[in-house]
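Hi,

Here's the structure I promised to pass on. Have a look at it first, then read my notes underneath.

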Number of protein chains: 2
Amino acid sequence: MTPSARPTIRDIAREAGVSVATVSRVTHDDPRVVEPTKQRVQEAIDRLGYRPSAIGRALSLQRTSTLGIVLPGLGGPYFAQLIEGAETVAVERGVVINVVGTHLRPDAVDAVRQLAERTDGLIVAGGTLPDEEVVSLAKAGRVILVAGEAEGVPAIVTDGRAAASALTLHLIDHHGYRRLRFIGEPHGSPDTAWRYEGFRAALAERGIEEAGEPLRLGLDVRSGAVAARELHAHGELPEALVCANDELAIGMLATLPGLGYRIPADVAVTGFDDHALAEIASPRLTTVHQPIAELGARAAAGALGEPIDDLTTLPTELVVRESCGCAEEADPPT
Amino acid sequence: MTPSARPTIRDIAREAGVSVATVSRVTHDDPRVVEPTKQRVQEAIDRLGYRPSAIGRALSLQRTSTLGIVLPGLGGPYFAQLIEGAETVAVERGVVINVVGTHLRPDAVDAVRQLAERTDGLIVAGGTLPDEEVVSLAKAGRVILVAGEAEGVPAIVTDGRAAASALTLHLIDHHGYRRLRFIGEPHGSPDTAWRYEGFRAALAERGIEEAGEPLRLGLDVRSGAVAARELHAHGELPEALVCANDELAIGMLATLPGLGYRIPADVAVTGFDDHALAEIASPRLTTVHQPIAELGARAAAGALGEPIDDLTTLPTELVVRESCGCAEEADPPT
DNA sequence: CTAGGTCATGTAACCGGTTACATCAAGCAC
DNA sequence: GTGCTTGATGTAACCGGTTACATGACCTAG
């Protein structure tokens, strides 16, 4: 960013009648510079409006003070929370965060490589890049994988498999549902895949057959609405719909009543993530709470050099509300 | 990102027995290099796993092929769409996008200055930085302001004032409401401020007194729920609630029925932005559609050097659905 | 008075690329 | 054979910082 010829350290040195080393020292508050000199330099800096070039500095220091985050897209609260978590750590260390979304970039791999060049560390969300690319990035620099796995790359995850299984068992054992269906595309992301696995494992454990193939759709609200209409169009609904995330579930919550189904009386719906709307929606959504910000924070710390295990698993919590069929709890609306 | 000593262009030159200039030419597909030499160099590159350093290149070229976007936070679809719009333009030009959220950074100004160093252009959302900082950034580089205004900085906006006014007049003239209240903090962002202005202008035009101070809250779903409870607790509701954005409105839509109010029979609710949920929610939300992706795309083009007017105003569209009291249109749910 | 030490500052190499210009060999015309 | 052109490649300066080491002024102890 240099249209109007920014002054360089050498301009300041000339202006103040000192050497570049002295200017550099002043900008670093080096105590070796004597007061009058420091003042003269500071004046020159102010007069010319000098700000050291981050690129020059990065080249010299071999360090950028930047952390990169690679996400599929920026939509949705999941990623916003992840970033916020990382941000808390980054702020502490004077590091700035750069985010790229791969979702709609045909050249995602290139974009990420370019990002990797400019950062001291990288947080990569599972499902954004081919495994071998993650491995190769990790060979060249510090990379932490979030909600994903790749050979030899430290990863931070939640145990979505176990959580989905617990959720599904709640539906089976507590409510007695035996016709259940999973909504979401397991191949879309490792997170979804794990959730689907947990779902199937629970069914298998209770000797139940799946009510149908997973309904393969995106993870957004609109897909939830589409799913609802599709299920309706194809005839009878299962007893319970296990959605891959809350947004999908919220889309269903909003759409199913209009099609004549009562939730949870006619069909139970569950989500995943504990979205802000989950406890506001009606009925309130049964879901799984995940420490997403914590995930981001740990990943950031690791990416910035803190020692980290090969695999960190953070705990999840089943949040039982009403959409699964459980009675409304005592919870004062006002 | 250089833990495992990456090879530099000089390593390759030595390995291939040529000069750095030749290596540089090979990496640029310069036709002047003769085939056998090119091959020898390429082999050295592959053998050592060389990738040119983006920082070295940036320093030399005085260009980073990077576009920065400064947003308050990354939450919510508004910003996700803005980024997507920018991304389409960036992809075309082989530029990568870096996003920073200022929301929870006490050192936002520093973070943005650092970003500005590393980018060829900057898109700044209104309300993220003090005006004078935006002006000073614009002095040093190419800056486009989105949904904001600052002396001498090219801006792209939608006419939120006119849109809010049209929306409010619809509530007054078409539905006959005369007790209206605005939900949102006008000082929070220019966008909200303009919407509030439009709201007040409409009331003034019809000689109506405002039903109360704006209810000053954040722009998220949860705040909508809080607002609903607060209004309920303080006694009677106005006839119509004009929310600063859809998320706020969706929070109210989800909460008010539980408190015993029917929408729109007892109270009308409107939003702003045309969120994905707006047409799925029930009742379907009356709101204002904004070409957000277009906003992002234009801003990106401008920030990357395309000539741009001082002020570009993009059109909005009033989307009348049910939450304002209009009858359900013919719209087949399946 | 001098050797040695301390301190403020300067000099110049270095980080990893790009590129203007120099160099040198080969080909060609006379 | 000489001079000129053309083409492939090399040399070295430059981008904007940082910093190890050099320098030289001044102080102090012997």
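Below is what turned up around DNA strand D and in one helix pair.

Some ground rules: this is a predicted model, where local features need pLDDT of at least 70 and side-chain atom pairs count only at pLDDT 80 or more, while totals for chains, interfaces and linings use all residues. Residues are numbered from 1 along each chain as its sequence is written, chains are lettered from A and ligands numbered from 1 in the order written, and side-chain values use heavy atoms, leaving out hydrogens and water.

DNA strand D has 30 residues around it (a heavy atom within 4 Å), and Arg10(A), Ser24(A), His28(A), Arg25(B) and Thr37(B) come nearest. Sugar and phosphate make up 57% of the strand's atoms that come within 4 Å of the protein.

Phosphate oxygens of strand D sit 2.9 Å from a side-chain N or O atom of His28(A) and 2.7 Å from one of Thr22(B). For Tyr50(A), the partner is a sugar or linking oxygen, at 3.2 Å from a side-chain N or O atom.

H4(A) gives the largest share of the surface near strand D, five residues (helices are DSSP runs of H or I, at least four residues, numbered from the N terminus).

Then there's chain B, where H5 (77-92) and H12 (292-303) pack at about 45°, axes 7 Å apart (axes are lines fitted to C-alpha atoms over the stretch in contact; angles run from 0 to 180 degrees between N-to-C directions). H5(B) and H12(B) are therefore oblique to each other (not under 35 degrees, over 145 or 65 to 115).

Cheers

How values were computed. Helices (H or I, at least four residues) and strands (E, at least two) are DSSP runs, numbered from the N terminus. A polar contact is a pair of N or O atoms within 3.5 Å; within protein, one must be able to donate a hydrogen and the other to accept it, and residues adjacent in sequence count only if both atoms are side-chain atoms.
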